[in-house]
Amino acid sequence: AVALAIAGPVRAQAAVDPQLQQAREVAWAGRTDEALAMTDAYLAQHPDDADAQLDRATYLAWIGDYAKAIETLDRRGSDDPAARQLRARINGWDGRRDAALALSAPAYEANPGDYDAAWTQALAARLGNRPEQALPALQTVLALKPEGKDSQTLAKLVRLPMYSSLAMPLSRYSDSDDIEIASFGIDADLRLSDSWRLLGGSGLRDHSAPASGPFAPLNGGDTVDESRTYVGARYSPSPKSAFEFVLGSTRLSGDNGFSDSDSFGRVQFSHQASDAFAYTLSATRDRVAFSPRALSAGITSNGASASLRWRVGMRDSINGWIAFDDYSDGNNRHMVAVDWRHATVRSAKANLDLGLQGELVGYSESPGNGYYSPDRYQRIAPTLNAYFKLSEEAGLTLSAAVGVQRDETFDNWKRASDVSLMLTVGILTHWQLVGSVGYSERINEFGRYDGTNAGLTLRYRF
């Protein structure tokens, strides 16, 4: 969504067909879909016009249809400097750092004082964990056109991930098992240098369930409060890799004088192996907090997980997760999940991805400690993910997965549904507000289940 806010210049020509020039003027006015339709109509009459093909590829890139933009350049055939620069920008907008730099660096090194070459280089070099590598090219861009809209937007994109930030998340969860969880916290991410960031924060969580129900705290009453404090660091030795370390303390308090203290932590390594493949490896220790009963039982989990992302071309991506957890109550949990997405619709106002999710979860025991622990839980669901571009600084994300599920107790497959909405205001500004709501429908050993959640996060970046 951020990349779509950057236009980038369309080449001006000394002599241009009036129909094509009108399409360019419409594009410059921000009506990209209309300009694309006009250019397609022109190309239907003049299919070999190289300038029109370049314009079409540019407009497709502006609306985020990177696959069609590259296909248009491929059909154009001519690999002139303008086409190579646009290919570099498309790869940069699509997050493909290696491909973008391979195309942009030769032109930038040959003429580092050229505005377009420096703009494209900065767009590519900002990607990854070391965005400061884009600053030399950005300085050239700002020196040549300090007030230009494209220059200012690029400056925001380069500088934004270099900022420190403070965030205040607030959330509330409730379900048909009468479990409610309300939380509030403060999280800090402070930039110490190009490669080091300091992490820290604290939060409060209120977990409640009816005292007469199966999820009530073991110590009596209906509430368990948890306070959490943590410190950590993130080290990025290169644009492609990062290490993260977090260590914290957690304290419980509840009715009848109940209290308990423990520690939690995380060690994580992430690596962008190539433009197509990335992975993250994590080891964690934390409380099991599915319900007040599980929390008050003092159950902790030591876990290891891996998340993988494979981008198949510019239309498809496959995300996978594998996790193993060893619970202190003698239980063990394993999880495998896969999410495939296909870019289906791209326009100036909305993007739509369709896909498929699969999930397999299993536990070694069913100890009855206040959490659902099936021997073999399976879920498969078609998915829809849509992004609506409300403005350059605001967007609405809709996610939905409506499929089927079963565990070892089911006679047949049952319906399972997830729907969520997230509104982001302040995509590129110092102040950002993110609001979300979600709904899940399930059936498990406790009966028909549905849960809702809502969250609000205010973030200041400085």
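# A guided tour, starting at Arg 341

Begin by selecting Arg 341, which you will find in strand 10 (residues 332-346). Keep in mind as you look around that this is a predicted model. Is Arg 341 buried, exposed or partly exposed? Its relative accessibility is 29%, so Arg 341 counts as partly exposed, because buried means under 20% and exposed means over 50%.

Now show what surrounds Arg 341. Setting aside neighbours within four places in sequence, Arg 341 is in contact with Arg 315, Asp 316, Ser 317, Asp 353, Leu 354, Gly 355 and Asn 385.

**Step back to the whole chain**

Zoom out and colour by secondary structure. The chain has ten helices and 16 strands. Along its principal axes, the C-alpha trace spans about 85 × 50 × 35 Å. Of the 462 residues in the chain, 46% are buried. The accessible surface comes to about 21,500 Å², and 56% of that surface belongs to carbon and sulfur atoms. Contacts also reach along the sequence: among those between residues at least 6 apart, 52% join residues at least 24 apart.

**Two tyrosines that meet**

Next, select Tyr 327 and Tyr 363 and show their side chains. What kind of aromatic pair do Tyr 327 and Tyr 363 form? The pair is edge-to-face, with 6.1 Å from centre to centre and 65° between the planes. Tyr 327 belongs to strand 9 (residues 316-327) and Tyr 363 to strand 11 (residues 350-363), so this pair links distant parts of the chain, 36 residues apart. Tyr 327 counts as buried because its relative accessibility is 5%. Tyr 363 is buried too, at 7% relative accessibility.

How many aromatic pairs does the structure hold? There are twelve. For another aromatic stop, select Phe 243, Phe 269, Phe 277 and Tyr 279, which form one cluster.

**A buried tyrosine in a loop**

Move on to Tyr 371, in the loop between strand 11 and strand 12 (377-391). With a relative accessibility of 3%, Tyr 371 counts as buried. To cross the model, draw a distance from Tyr 371 to Pro 81: their C-alpha atoms are 60 Å apart in space, and the two residues are 290 apart in sequence.

**Helix 7 and its cover**

Now select helix 7 (residues 115-125). How many of the eleven residues of helix 7 are buried? Ten of them are, so the helix is mostly covered. Among these buried residues are Tyr 115, Trp 119, Thr 120 and Leu 123. Show helix 5 (81-93), helix 6 (97-110), helix 8 (135-144) and helix 9 (149-159) as well, since they are included in what covers the buried residues of helix 7.

Pick out Thr 120, which lies in helix 7. Thr 120 is buried, with a relative accessible area of 2%. Leaving aside neighbours within four places in sequence, Thr 120 is in contact with Gln 85, Ala 88, Arg 89 and Ser 104.

Then turn to Tyr 115. The charged end of Lys 145 sits over the ring of Tyr 115, 4.4 Å from its centre. A similar sight awaits at Phe 264, where Arg 228 lies over the face of the ring, at 4.0 Å from the ring centre. From Tyr 115 you can also look back to where you began: Arg 341 is 36 Å away, C-alpha to C-alpha, and 226 residues away in sequence.

**The nonpolar cores**

Select Leu 73, Ile 90, Trp 93, Trp 119, Leu 138 and Leu 154. In the largest nonpolar core, which has 40 residues, these six touch the most other members. Which helix gives the most to this core? Helix 7 does, with seven residues. Now zoom in on Leu 73: beyond residues up to four places away in sequence, Leu 73 touches Leu 54, Ala 57, Ala 83, Leu 86, Arg 87 and Ile 90.

There is also a second, separate core of twelve residues, including Ala 323, Ala 337, Val 361 and Tyr 363.

**Last stop: a hairpin**

Finish by selecting strand 1 (residues 165-175) and strand 2 (residues 180-191). These strands run antiparallel and are joined by eight bridges. Look across from Ser 171, and you will see Ser 183 standing opposite in strand 2. Strand 1 and strand 2 form a hairpin with four residues between them. In the turn, select Asp 178, which has a positive phi of about 65°.

Notes:
Residues are numbered from 1 along each chain as its sequence is written. This is a predicted model: local features need pLDDT of at least 70, side-chain atom pairs count only at pLDDT 80 or more; totals for chains, interfaces and linings use all residues. Side-chain values use heavy atoms; hydrogens and water are left out. A nonpolar core is a set of buried Ala, Val, Leu, Ile, Met, Phe, Trp, Tyr and Cys residues joined through side-chain atoms within 4.5 Å. Buried means under 20% relative accessible area, exposed over 50%, partly exposed in between (1.4 Å probe, protein chains only). Helices (H or I, at least four residues) and strands (E, at least two) are DSSP runs, numbered from the N terminus. Contact means heavy atoms within 4.5 Å. Rings of Phe, Tyr and Trp (its six-membered ring) pair if their centres lie within 6.5 Å; planes under 30 degrees apart count as stacked, over 60 as edge-to-face and the rest as tilted. A charge sits over a ring if NZ of Lys or CZ of Arg is within 6 Å of the ring centre and within 35 degrees of the ring normal. Accessible areas come from the Shrake-Rupley method with a 1.4 Å probe; for residues, only the protein chains shown count as cover. Two strands pair if DSSP finds at least two bridges between them.
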